[in-house]
Amino acid sequence: MTYLAEGTKTMDSSPRRSGLATVLSLLWADKFATLAALFLLLLTVTCLVGPSLVGDAAGGINFAGRNAPPQFGKGFLYILGGDNLGRSLLARIIVGAQATMGVAVTAVVTSLVIGALLGLIAGYRGGLVSDVIMRLTDMIMSFPSLLTALVVLYVLGPSVANLVIVLAITRIPVYLRTTRAEVMEARSRVFVTAAIAMGASPARVLFRHIVPIVLPTLLTIAAVDFAAVIITESGLSFLGLGIQAPDFTWGSMVATGRNYIASAWWLSFWPGLAITLTALSLNILASWLRIVTDPQQRWRLEGGHRDD
Amino acid sequence: MTEPHTPLLAIEGLKVQFSGPRGVVRAVDGINLTVERGETLAILGESGSGKSVSASVVMNILDMPPGRITAGSVRFEGRDLLAMPPAERRKINGSEIAIIFQDPLAHLNPVYSVGWQIAEVFRIHGRARDAADAREKAIALMERVGITNARSRADQYPHQFSGGQRQRVMIAMALALSPKLIIADEPTTALDVTVQRQILDLLKDLQREMGMGLILITHDLAVAGLMADRVAIIKDGTIVESGGIREAFTAPKAAYTRQLLEAIPHVERTRRSGEEGELRPPLLVARDLTKEYQLSRGLVGSSAGTLRAVDRVGFTLREKQTLGIVGESGSGKSTVARLLMRLTEPSSGSVHYRDRNLFLLRGAELLAFRRDVQMVFQDPYGSLNPKMTVAEIIAEPLAIHRDILPRAQWRDRVRELLGLVGLKPEHAERYPHQFSGGQRQRIAIARALASEPRIIICDEAVSALDVSIQAQIITLLADLRDKLDLSYIFITHDLPVVRSFADEIMVMKAGAVVEHGRTDDLFLRPRDDYTRKLLSAGEIPAWMQRIETVGHPGAPRAETRNAP
Amino acid sequence: MRFFKRSLFTLLSMAGLLLLVFFLSRMTGDPSYLFLPLDASPADREAFSRLHGFDDPVYVQFGRYVVDLLHLDFGRSLSQQRSAMDIALEAFPHTLKLVSMALAIAFAGAILCGSLAARRPGGVFDRLISVLSLTGASTPDFWVAIILVLIFAVSLGWLPTSGVGGPSYWVMPLFVLALRPFGLLGQVVRGSMIGALSSPYVKTAYAKGASQAKIVFVHALRNSMLPVITVAGDLAANLLNGAVIVETMFGWPGIGRLMIDAIMQRDFAVIQASILVTACAILVLNILLDIAYVVLDPRVRHA
């Protein structure tokens, strides 16, 4: 058995393990990624179940608890303190999670689907169609997304639907460009040419050969983008053009707290921290995904490597 | 040698390890080498043998980590390079020992001019008065290595030169300070065959003129035979044979040496289909096939001319026949392959498959064509989808052409095909990355056979493989042809390889056919100058041709023409 | 001409944007809702519409819009009773100064830290930088701003909370604005330098006997700059996003804050003017980037 290249590969006779088991062991190999995944799991559960548990505490006005500092005295709901109207911050963060996540998930899924589809078409077909799509994308990308969002929301009115639409449209280019680049790269690979030479239909080539290559990168981008959308939406809410009262997201909570920086810092701190931790978890997970999906790097996580 | 004498370079007991994902690999496991002034030592080995690692150690450019030198010494004129302090070691590189790399495009900095990079050697070692002086010296060097218009070309960038010229630039850089030792690491592998001889001749001239020691690292026995005085054959990190080159090749002591010698395409060991003189029915007929590309410039789109990639090519491929298409890069042979597979449309001309015009086929007929004509590609790493199992890869033609075999029988068919190409049934559930290059080509061949084709087009199918593996794959292809009545179109740049395998050969240059004839006629009585050039460039030195099947009578031989 | 792809498309972009603004403002039925305060009476609205010709057919309005554009006339700001363009042009230099300084700091810091991290991938410094840049990319800028204000202005009193003035007024805004670009660019520089340092032509330089410094700063750096410039270009537009928030937080009288205020005050003329000024600035930036690319990479010149 000859070596493939300068001392790096021998023949490996181990069969693959089941998909899920592999993923979990790869995850465990990177402790930060494990933490991130757990945090996101907790967050998801909170979003789904949380509001029904603590909803009342988030809504009811309680003058006695106005700007209450974090404490254990008033029961566990107030360990993060109370806001300017005395409502439990913890409860509001839990309820706000649903709104924040809801907007983000919708925007990301929409832009991913549309962006990926357009990218697939642009990358596979090439030619005029591709050029036109790319030029439109470049146009959207060249102007700061926040400013575009501001203007559009101003003109059309800041409803939740408009917010999601604006966020989705400004993110589409990211997915589109990446998908197109990946599709073009995959298209030039020899095994794709081989499939076409064997008589495979475009559909088969796309879904059997190209999509499996593109998908991992797409998921990685989606994770990073998710974080970016949350931060953008928070920024918009902070500036007053996002979700409008009485609905609230973490961003608008930070905005409210801004007026009380000196007296009650916890109003802005905890919601902001929630945003940061969520974005951080997503970025860490994206980083992990990048290593896992790159065959060159993946060995760092497999079975641990031995130094001599 | 009875008196104490210091060789120019002496490597003793060198051991180098790499730590990687699957543990520790011993790339070099105790080698001893010497080189004298004025002599050429060839280090001969296949990929992964450790030859380039050794060169990297001598030049102090090994990546450490992941590499590590665990034992040994490298003495240059008596001084141990490995034990030297870094500043002193740095002074030797470029001025006393220099290296010429394999791939000149990658090894030249793309953002600086060629003249600047050559002049840099002078500047680093303080051998020029100023920048202008260094530039003059660089220009003189460029002229010495045979680059015309050196003065104006010195300001150009690497991408503006051809492959051969870039290698001349690298040679110029190596020669700049008249080093005592030059290492040439596969200096001609990335170049066209006709250019290869020029570069090798240049190196030989320069060595004679300057009297330096030359270490030539190569996998090509003919190159070694041409250039070297002594040879060291390296396998798996150890030297299995060393000594004067003629002795080593005519009376090899190691089995591996014999294996390498046997793999040289030898005129005696041909595997042609035998039945000459019989005109079998034509399968594929090309007439005046032409493909032109428009070269456009800028946004305005006015074309700067057309490029004729394929220029009125014509031939007839009959049943059970093997046609070889030989040419260097830019000859158009790969474009012809793409046209024949209908992966691209011609500008004019036609191809008829069984009397039907290939480019007019549609629907079911086109699909039938794609069943009958399959292709094996050059790149064994890229031609298999890394995410599919071997079974899925081989069965893909069955999945595309549902009428060949019902799904239930695919498993058995896959096993049968694996057996045909010399692989085992349990390989079906593994993934491509678990196999070597030669094995992957076997998988690609199995895939090509799945749809029971009539014609297989091999586009440089063995070019990326080691020499000994090449011989195995060609033997496999010949066996399959005999068993399954296949026709082949074998495209290559390597004339000797195709001599043993093809009935007819077509030589292409710049898109056109310059010569076309039966193999023996072409080799013995070439009519075109270019064919003659190719032949002499690929020629094995005379003294090597006389080596008989380098075996003892009992050694297994490939069958000759007259075998049943 | 083909060298200026980026600029060309930004130009088209601008045209598209201005068209968009025009149609958006006419799309919502009664444009006066955009210009007048919400509690204006119907009579006022009618008078306003007639005065500004909003009841004319669309193409006439468009014609007038284009003419006004060419005269750089966006109308008068309702809150300040001055030409909207003048107001925008006054605010812009403040933003320009802030953003350029932030970009310069982020760029210089990224090159320094990225190069140092690339020299020993996986080492202590490298991991530290990775953590920092990851954190930088995950924290919302307004939150960082609030925390900084809390610590340095409110508790410690070292820095002012808002406004323009001497160096102390610049510290926090610059820090917040440069944080994310620094993190992003640092990662790109690091990746790019690792690639360059392990490339074959660097091996050649070692084989010629070049010193470590020469290899990093002459051979590797120039080649790594190409992807960095591309990313920096994309980033610059996004810096303006950050500027909006930073200016709002720190009361910086730049164009970002101007837009937010204009939105709050429903002063559409100012909004339009601000958009145009910003778009022009981005166009200029892209032209400069295109030039930089041509200068740095000879392969582009001779393609």
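# Notebook: the contacts of chain C and a nonpolar patch on chain A

**Entry 1. A starting residue.** I began with A:Ile121, which lies in helix 3 of chain A. I note at the outset that the model is predicted.

**Entry 2. The patch around that residue.** I then looked up the surface of chain A and found A:Ile121 in a nonpolar patch of about 600 Å². The other members of the patch are A:Val105, A:Val109, A:Val113, A:Ile114, A:Leu117, A:Leu118 and A:Val129. Which helix gives the most to the nonpolar patch? I recorded helix 3 of chain A, residues 89–125, with 7 residues.

**Entry 3. Chain C against chain A.** I next examined where chain C meets chain A. In this contact, 45 residues of chain C face 37 residues of chain A. I noted a buried area of about 3700 Å² between the two chains, with 80% of that area given by carbon and sulfur atoms. Three residues, C:Ser138, C:Phe142 and C:Trp143, supply 16% of what chain C buries against chain A, which is more than any other three residues.

I also looked up which elements of chain C take part. Those that give two or more residues to the side touching chain A are helix 1 (5–27), helix 6 (124–138), helix 7 (141–155), helix 10 (212–250), helix 11 (255–264) and helix 12 (268–296). Helix 10 of chain C provides the largest share, 9 residues. By residue type, I entered 30 nonpolar, 11 polar and 4 charged residues for this side of chain C.

How many salt bridges are there between chain C and chain A? I recorded 0. For polar contact, I entered 5 residue pairs between these two chains, both residues being at pLDDT 80 or more.

**Entry 4. Chain C against chain B.** I repeated the search for the other partner. Here 23 residues of chain C and 27 residues of chain B make the contact. The area buried between chain C and chain B is about 2300 Å², and carbon and sulfur atoms give 60% of this area. I noted that C:Lys203, C:Ala207 and C:Lys208 supply 27% of the area that chain C buries against chain B, more than any other three residues.

Between chain C and chain B I found 2 salt bridges. One of the residues named above, C:Lys208, forms a salt bridge with B:Glu120, and the closest N and O atoms of this pair are 3.0 Å apart. I also listed 13 residue pairs in polar contact across this interface, both residues at pLDDT 80 or more.

The elements of chain C that give two or more residues to the side touching chain B are helix 9 (200–207), helix 10 and helix 13 (298–301). Helix 9 of chain C gives the largest share, 6 residues. I divided the residues of this side into 10 nonpolar, 6 polar and 7 charged.

**Entry 5. Salt bridges in the whole structure.** Finally, I searched all chains and counted 35 salt bridges. I looked up a pair within chain B, where the side chains of B:Arg151 and B:Glu136 meet in a salt bridge at 3.2 Å, N to O. The pair links distant parts of the chain, 15 residues apart. B:Arg151 is in helix 6 (residues 150–153) of chain B, and B:Glu136 is in helix 5 (residues 131–144) of chain B.

How values were computed
Residues numbered from 1 in each chain as written. Chains lettered and ligands numbered in written order. Predicted model: local features only at pLDDT ≥ 70, side-chain atom pairs only at ≥ 80, totals over all residues. Heavy atoms only, no water. Contact = heavy atoms within 4.5 Å. Buried area = accessible area lost by both parts, 1.4 Å probe. Salt bridge = Lys/Arg side-chain N within 4 Å of Asp/Glu carboxyl O. Polar contact = N/O pair within 3.5 Å; in protein donor to acceptor, adjacent residues only side chain to side chain. Helix = DSSP H or I, 4+ residues; strand = E, 2+ residues; numbered from the N terminus. Nonpolar A, V, L, I, M, F, W, Y, C, P; charged D, E, K, R; others polar. Patch = residues over 30% accessible without salt bridge, like charges linked within 9 Å, V, L, I, M, F, W, Y side chains within 5 Å. Areas by Shrake-Rupley, 256 points an atom, 1.4 Å probe, with all protein chains shown as cover.
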